[in-house]
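Trainee: I would be grateful for a close look at the disulfides of this protein, taken one by one and then set beside other parts of the fold.

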Amino acid sequence: MRLLVIILVALVVAPSAAAAPPPNDNRADAVLLPEFPSNVHGTTAEATVERLDPQVSKCGRVESTVWYRIESAPDGTIVSTIQAAAGFTPVVRIYRRGSSSIQELDCGTAKAGGKVVVSVQAVRGAGYLILVGRRPGTADATFDLRAELFLPPANDERGDAVQLGVPPASVRATTLGATGGSSDVPACGLSGGTVWYRLRGPASGRALLQLSAADELDAVVAVFRPVRSRIELVACAATDRKGSAVLGFTAQRGAGYLIVVGEQRNSAPGEFRLQAKPAEAPERQPGRSLRSRGVRDSVNGLTDVNDVWSIRLRRGITYRIAFSSNPCARATLRARGRVIKLSCRAYSSFTPGRDGGGLYTIEVQASPSAQQHRYRLQIAAAGADDVGVGVELRPGSGARGLLSPSGVDLLDLYHFDVGRLSEVRLRLAQPAGRSFGLVLLTDSGSRITAGASGFRRRLDRGRYVVAVQGEAGSRGGRYRLSLRLRDVTSTSVLVSGRSSAEVTPGSSVTLSCLVSPSAGGRVELEIDRFDPLTGWHFHRLVRTSAGASISWRPPAVGRWRVRARFLGTSRSAASRSGYAHILVAKPIL
């Protein structure tokens with residue numbers, strides 16, 4: 001009975017133990033792909049890795065490898081597509097065979113159950129090997145391999161470019177089989193197979209190209225202008241993560257242009273659709289008239305690259321220029337001998353000089369992308385609170401104003417004088433949700449400080465300017481600005497006329513507080529006692545008039561200190577003294 005059980009176990013185990021690797025497990029036994037197209041079904045189950053199987057590759061390590069071969073390849077591009085079964089994570093490489101070595105030409109990987117496409121531009125008569133394996137740590141499974149041969153398309157070379165004519169035009173094509181010829185010019189990462197087209201400049205003076213790449217194709221579209229025997233790059237664009245690229249360029253009406261569509265470096269070949277459309281021509285000077293209340297419009301980096309506006313300005317008159325855009329266009333005012341550039345959100349002023357006056361142009365330009373930029377532009381004469389030092393701001397009083405940053409009123413200017421060293425406090429009250437701010441300067445233009453709601457600062461004798469300003473394009477509203485000037489004071493405290501004193505227990509001392517310049521008001525005297533173990537401790541607070549003296553008797557022996565703080569008045573700033581010290585002790589005999 002025991003012998004029978006052993007025999008039965010052996011019969012069950014034997015088939016598994018004897019399972020053989022696939023017949024093409026070794027490179028020397030690679031399965032021949034005799035023709036194109038060829039379709040085979042394979043598996044990596046029980047496959048091994050030979051000691052000399054290549055492991056170094058840009059596509060990572062591989063396990064459980066099987067091999068296929070192509071003998072005496074014809075001209076064209078060989079494309080191998082491997083579709084993995086569910087759960088199989090494929091790694092595929094294609095090699096060229098040499099007399100004693102192999103050279104990797106392309107490789108690819110995919111997620112479990114995915115598809116890998118590798119390709120190679122074949123050399124007539126050469127031999128090639130295709131390796132299929134799995135990523136380390138993943139399961140073996142089956143796959144389907146298809147090998148195809150694609151001959152170069154008719155427009156593979158620049159000299160054979162297909163005529164598209166004048167936009168609009170559209171074409172569907174593929175880079176399968178296309179080569180990278182000696183006539184190709186690198187542009188935007190162009191590296192693989194290319195196909196060429198010819199285009200005539202549209203009547204609008206601007207053309208738009210839209211490229212849509214399918215499958216795994218990462219492509220580039222580029223435009224060239226023929227110059228005698230050479231070509232010059234006009235513009236180029238690479239496809240994004242969605243396989244799309246949009247390209248706009250200025251084109252001379254009826255002029256000939258070359259368009260190339262090609263693969264980026266390490267991209268698989270694939271199909272694409274190319275569309276050529278006429279775009280809005282760039283506007284030229286003098287442009288449209290800019291209204292006094294301003295304008296709201298938009299530009300687009302591809303379809304509407306600029307707007308040109310014109311306005312008449314008078315010599316010797318200062319004008320405010322407000323420009324705001326979203327996300328970010330730019331504007332340029334061109335005057336006689338002068339250029340003023342405005343960024344995404346900007347405010348500037350301009351005064352035509354003695355040789356100025358007349359018609360001026362402002363050009364709004366979009367960034368070179370397929371994106372719409374909305375903007376607002378306004379130019380208006382400056383008022384009294386917009387130029388120079390602005391209007392007077394009196395200490396102790398307030399000024400009320402209104403800003404409209406979405407228009408042209410982004411800035412109000414005020415000035416005030418400081419007769420002697422003073423503490424200056426500026427306070428800005430504004431509605432909720434506004435972003436007004438203050439900037440403090442000297443009347444000579446030196447910036448001192450800035451703040452959102454106000455600030456307190458010591459200023460020397462002089463003339464000062466404060467600007468209330470908002471960010472271009474932000475919400476407007478009313479505000480109130482207040483100014484307070486107070487003399488800077490100094491405070492000192494004495495104990496019986498000195499900075500320190502030593503008295504016997506039970507004796508009184510005179511505490512005197514002096515404020516300079518004399519200002520009236522109240523003073524706080526803070527008295528502390530000293531504990532040798534834990535340090536200084538608060539004892540009491542005494543309030544008195546500035547300049548007054550009080551008598552105080554220390555309640556215990558030991559060390560004491562006192563400090564004065566002037567509380568300030570409407571005309572004098574608060575200040576604080578240093579410490580005066582008192583020692584209460586019996587004389588040492």
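Mentor: C328 and C344 form a disulfide in which the sulfur atoms lie 1.6 Å apart. The model is a predicted one, and the distance is a value computed from its coordinates. About the S-S bond of C328 and C344 the torsion is about -60°, so this disulfide is left-handed. The two cysteines come from distant parts of the chain, 16 residues apart. C328 belongs to the loop between β22 (319-326) and β23 (330-335), while C344 belongs to the loop between β24 (338-342) and β25. With a relative accessible area of 30%, C328 is partly exposed.

A search of the whole structure finds three disulfides. Another of them joins C59 to C107, with 2.0 Å between the sulfur atoms. Here the torsion about the S-S bond is about 80°, so the link of C59 and C107 is right-handed. This pair, too, links distant parts of the chain, its members being 48 residues apart. C59 is found in the loop between β2 (38-43) and β3 (63-70), and C107 in strand β6 (residues 102-109). C107 is buried, since its relative accessible area is 9% and the limit for a buried residue is under 20%.

The pair C188 and C236 is also a disulfide, with sulfur atoms 1.9 Å apart. Its torsion about the S-S bond is 70°, and the link is right-handed. C188 lies in the loop between β11 (169-174) and β12 (190-200), and C236 lies in strand β15 (residues 230-238), so the bond ties together parts that are 48 residues apart in sequence. Both ends can be assessed for accessibility: C188 is partly exposed at 34% relative accessible area, and C236 counts as partly exposed at 22%.

If the bonded cysteines of the protein chain are numbered in sequence order, the pairing reads 1-2, 3-4, 5-6. A further cysteine, C513, is buried, with a relative accessible area of 1%.

Two of the strands named above reappear at the largest pocket. The elements that give two or more residues to its lining are β6, β7 (115-122), β12 and β17 (256-264). Strand β6 holds C107, and β12 bounds the loop that holds C188. The largest pocket contains about 390 Å³ of space. Its lining comprises 21 residues, and S119, Q121, G192, G193 and E263 are those nearest its centre.

Strand β25, which bounds the loop of C344, leads on to the aromatic residues. The structure holds 11 aromatic pairs. In the pair of F350 and Y360, the ring centres are 5.6 Å apart and the planes stand at 70°, so the arrangement is edge-to-face. F350 is in strand β25 (residues 345-350) and Y360 in strand β26 (residues 358-365), and the pair links distant parts of the chain, 10 residues apart. Both F350 and Y360 are buried. Elsewhere, Y68, F88 and F143 make up one aromatic cluster.

Aromatic rings also meet charged side chains. The charged end of R27 sits over the ring of W67, 5.5 Å from the ring centre. R561 lies over the face of Y579, at 4.0 Å from the centre of that ring.

A sheet later in the chain may be set beside these contacts. This open sheet has five strands in the order β28-β30-β35-β32-β33, and its pairing is mixed. Strands β28 (391-392) and β33 stand at the edges with a single partner strand each, so one side of each has no neighbour in the sheet. Within the sheet, β32 (residues 437-442) and β33 (residues 447-451) run antiparallel and are joined by four bridges. In this pairing, L441 stands opposite R447 of β33. The two strands form a hairpin with four residues between them, and G445 in the turn has a positive phi of about 100°. Strand β32 also pairs with β35 (residues 462-469), in the antiparallel sense and over six bridges. There, T442 has Y464 of β35 as its bridge partner.

To return to the request, the handedness of the three links may be restated. The disulfide of C328 and C344 is left-handed, that of C59 and C107 is right-handed, and that of C188 and C236 is right-handed.

Methods:
Residues are numbered from 1 along each chain as its sequence is written. Side-chain values use heavy atoms; hydrogens and water are left out. Two strands pair if DSSP finds at least two bridges between them. Rings of Phe, Tyr and Trp (its six-membered ring) pair if their centres lie within 6.5 Å; planes under 30 degrees apart count as stacked, over 60 as edge-to-face and the rest as tilted. Buried means under 20% relative accessible area, exposed over 50%, partly exposed in between (1.4 Å probe, protein chains only). A charge sits over a ring if NZ of Lys or CZ of Arg is within 6 Å of the ring centre and within 35 degrees of the ring normal. A disulfide is a pair of cysteine sulfur atoms within 2.5 Å. On a 1 Å grid over the protein atoms alone, a cavity is a set of points where a 1.4 Å probe fits but cannot get out, and a pocket is an open set with protein on both sides within 12 Å along at least five of seven lines; lining residues have an atom within 4 Å of a point. Grid points are joined across faces, edges and corners, and a volume is the space filled by probe spheres set on the points.
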